[in-house]
Every structure is written in structure tokens, then in C-alpha cells.
Amino acid sequence: MSKSALQFTGLFIGMLLAQAICNRICLFGVAVPMVFIYFIIRLPMNLSVNWVICLSFFLGLGVDIFGDTQGMNALACTVLAVCRRSVFLLYFPREDDLGNPIPSIRSLGIAVYAKYMVTAVLLYCTVVFLIQAFALKHFEITLLRIISSTILTFLVLLGFDSIATTRREKRL
Amino acid sequence: MRNLLDFVIKHSSWFVFLFFAILSCRLLFNSNPYQHSIYFTSANVVCSSVYELFNNVTSYFHLRDINEDLQQRNAMLENEMVSLRNEINNYKMLLPDTNAVPEVYQHFDFVIAHVISNSVSQPYNYITINRGSDDGIRPEMGVVDQNGVVGIVNVVGRHSARIVSLLNPNLRLSCKVKNSDFFGSLVWDCESPQYAVLEELPRHVEFENGDTIITSGYSTVFPEGLIVGVIDGKMPTNDDNFYTLRIRLTTDFSRLSTVRAIKNNMKDELRELEKADFGNSNKERGKS
């Protein structure tokens, strides 16, 4: 328990720093990789919702502090934390069959995990870009940013996950 | 209490979510000028539309009071107008004698009343108001509304009074064409509640359709100059010396709500004078 807590603390800090770098990336002027939500996606499913909300809020707040976007990521992360379980159950209804409570390619399979991840990323990107735009005036641009950022983030996170899985497999 | 605690514990995640969401929103709106301005603009639009809707609804509740205030103000202004008119007339009469100081007459007072019963479709129409002798209403007081003459008080109770409507053939009102001194007698012909007939107007009076008909002031009931209606056209008559005119009444009798009863403060004095005059002429007649 303490080992996984330590791992997640490391992931928390690592994701914060990674996002601080990723904040400077803006592909084609529209796509921003939101890599730090990997932490929220990877949080164990048996962890209390209250803890998930707290951790997500503080993660979002940390990203806001680095990115000077007070409250935007914090709010979006809080929303994602609340919806995370529902999104997970949408693709994996039998929670009891889950061996490892941490969502991953190995525990869920690539298809379910990819669907779970893409939905979570889409949800997060939708919320955060709608908060950023805060109006429906230039909705086309907002929609483009949501879709492109979702695709980019999903690809980056899938890459993260593949690297992590390969390393573990090698270790075994 | 236990149930409440159970409820809070059961739904604790929602409370935690609400807490962090509110905190995030607070941070968002306080620290980001763009979101802050949009939030305030949208909030103002919503608030203003809500206030407007609220105001539209509540303003109807105050219409009665506002109407009464306006009627009182109208009565005061009308009173002032009558006294100023008298003053002007006095100045006109006393123009050569500049030393004479004219007296300002305050002949008329007004009592505001609400119509509680009204009819326009009967051959003899009456109106009932919610003011009576306790409020200063007396028989033979003239009654007007904001548009013109309504009728004359007939029977007075303590808290209500009956008015003989202008739409009653028993009521004959002395009227004249505005800006002329020739008068006739206005009476309702039992046809339309919007029209009456002005009889016995001398043939040599010049007028046009649309001219205003006002009270002549040759009675203690109505002061001079109250609007009664406008000339709609001539009517056929057998008498060659007089016109009979069709008058479109300015008062909308079907929508009467607040009226004013006119109290002539000099009525008793005038009555006594008339009686004294009548007595003297009788004595003189007896002597001769």
C-alpha cells in the first residue's frame, strides 16, 4: 500500500512537471497535450471518490499554478474525477471481474482501456476548452481544439502506457 | 439528526465535489479577467431579465394605488386650474382698477371614489360608488372621471352612493361649445353609450364637427369647462331656431373605475342667495 502510495506521489509530481513542459506545446496552433490527466485515469478504482476528487483538484490546481490559468484545470479535473467511475463502468460493467484495481492495458485489455481513456480525455478536453472559451461565439475553433487535443493527448498517453507496460514486461 | 448525518455521509462525494467545484469557480472568476468579465456580463443579462419579469408582474399590483395617486393629483390640479381661471377672469374684469386685489376662489373640492357597480345597457343607467355621506358625498354632487363628465349623485348612503349616469334620459346637462357662450342641453337618447344629443343650441352658433363640448357652469353641480364630448354631427330637427347635435362622449362608461365627486363649497351660499331672491320677488309681487 505504501509502495503504491509512493508510486502515485511520484506520478503526481512527474505529471505536474511533464505538463509544465507540455503547456508550451501547441501543435498547429490548436492541439495541446494534456498529459497530466494520466494520473487521474490511472488512480485505482477502489479508491474512495472523495480521495479521487481531492487529488484531482490539487493536481489541477498545481497545473493552474504552473500555467497561470487559475481554476480552469482544477475545475475540469474535479469534473473528470466525479465522472471517472461512470465512464469506467460504461465500458467495464462487471467491476468484480477486475483483478488489478488500477486501470491499465493489462488489467482491462487494449480495447476497453483505449475506450475508457479516450472518453476520459475527451471529457476533460471538452470541459477545459469550454471553460477557456466561456462562450459559444467561436464554437468551431473550440470544437477543433477539443478534438485535436483529445487525439494528441490520447496518443501521448497511449505511448506512456506502452512504454510503462514494456518496461514491466522486460522486468518480468 | 442521525438521518441527516447518514444522508451527508452517504452523499459525501457530492458535497466534496460541490466544495471543490465552488472553490475552482471562485478561483476561475476572480483570477481570470476574461472569464470574470463574461461571467458578470452574463449574470447582468440574466439578473436584468429576471428583475424585468419580476417588475412586470409586481407593477400590476400597485396600479390601483398609482391610479389613486394620479387621480388625487389630477383633482388637485383641476382645482388649481379652476381657481386660476377664476383669478384670470377677475383680473380681466378689474384690469382698469389696478388697486383692487381679487379674491382667489377655492370653490371646488374633489372626493375620489371607486365604481362598484355600473350599467350601460339599460334605458336608465345608474352607477354605484364606494364613498358615501361619511366621506363627504352629498346628493347633487357632480361626478367626473379623467376623461370627462360621468353623472350626478342621486342617493347617498353612509358608505356608498348612487349616481345618475349621463347615460340616463332623466339627466339633462347644461353644456356649450368651447370658446362660445351659447349653451344647450345634453341628454342621452338611449341608443349608444358612446353618444348623446345636445339639444336647443341656437342656430347662429358657429361650430364644426370635432369641436369640444364643455359644461357651461350654469349650475352649482359642475364647474365651467369640464369636457363632455366632441361634436359628431348635426341631427335632423323640426325646430328652425335650434340645432340638435350628436355628441361623441369622451367618457368611456363601459370602463369606469375611479371617479371624482365634485364638492361645491359655495353651493349652500348660492342656494341661500337664490332662496332670498325668490322670497324678495314674492314679497314684491304681493305688494304690487
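Helices here are DSSP runs of at least four residues, numbered from the N terminus. Keep that in mind as you work through these exercises on a predicted model.

**Exercise 1. Find which helix gives the largest share of the nonpolar patch of chain A.**

Solution. Start with the members of the patch. Leu130(A), Leu136(A), Phe139(A), Leu143(A), Ile147(A), Ile151(A) and Leu155(A) form this nonpolar patch on the surface. Together they have about 650 Å² of accessible area. Next, set the members against the helices. Helix α7 of chain A covers residues 139-171, and five residues of the patch come from it, the largest share. Leu136(A), by contrast, sits in the loop between α6 (110-133) and α7.

**Exercise 2. Decide whether Leu136(A) is buried, partly exposed or exposed.**

Solution. The cut-off for exposed is over 50% relative accessible area. Leu136(A) has 65%, so this residue is exposed.

**Exercise 3. Describe the interface between chain B and chain A, beginning with the residues in contact.**

Solution. First, count the residues: 19 of chain B are in contact with 21 of chain A. Second, look at the area. About 1600 Å² is buried between the two chains, and carbon and sulfur atoms give 78% of this. Third, check for charged and polar pairs. The count of salt bridges between chain B and chain A is zero, while two residue pairs are in polar contact across the interface, both at pLDDT 80 or more. Last, ask which elements of chain B take part. Both α2 (12-31) and α3 (33-61) of chain B supply at least two residues each to the side that touches chain A. The largest share of that side, 14 residues, comes from α2(B).

**Exercise 4. Work out whether Ile40(A) is buried or exposed, and list what it touches.**

Solution. Begin with its place: Ile40(A) lies in helix α2 of chain A, residues 38-42. Buried means under 20% relative accessible area. Ile40(A) has 0% relative accessibility, so it counts as buried. Now look for its partners, not counting residues up to four places away in sequence: Ile40(A) touches Ser56(A), Leu59(A), Cys77(A), Leu80(A), Arg84(A) and Tyr116(A).

**Exercise 5. Do the same for Val112(A): is this residue buried or exposed, and what does it contact?**

Solution. Val112(A) belongs to helix α6 of chain A. Its relative accessibility is 18%, so Val112(A) counts as buried. Leaving aside neighbours within four places in sequence, Val112(A) is in contact with Tyr91(A) and Phe92(A). For a distance to try in the viewer, take the C-alpha atoms of Val112(A) and Met72(A): they are 40 residues apart along the chain and separated by 29 Å.

**Exercise 6. Find where Asp68(A) and Cys190(B), each with a positive phi, lie.**

Solution. Start from the general background: most residues other than glycine have a negative phi. Asp68(A) has a phi near 55°, a positive value, and Cys190(B) has one near 65°, also positive. Then place each residue. Asp68(A) is in the loop between α3 (49-67) and α4 (72-91) of chain A. Cys190(B) is in the loop between β7 (183-187) and β8 (195-202) of chain B. Finally, check accessibility. Asp68(A) has a relative accessible area of 59%, so this residue is exposed. Cys190(B) has 38%, so this residue is partly exposed.

Methods. Residues numbered from 1 in each chain as written. Chains lettered and ligands numbered in written order. Predicted model: local features only at pLDDT ≥ 70, side-chain atom pairs only at ≥ 80, totals over all residues. Heavy atoms only, no water. Patch = residues over 30% accessible without salt bridge, like charges linked within 9 Å, V, L, I, M, F, W, Y side chains within 5 Å. Areas by Shrake-Rupley, 256 points an atom, 1.4 Å probe, with all protein chains shown as cover. Salt bridge = Lys/Arg side-chain N within 4 Å of Asp/Glu carboxyl O. Buried < 20%, exposed > 50% of the residue type's maximum accessible area, 1.4 Å probe, protein only. Contact = heavy atoms within 4.5 Å. Buried area = accessible area lost by both parts, 1.4 Å probe. Polar contact = N/O pair within 3.5 Å; in protein donor to acceptor, adjacent residues only side chain to side chain.
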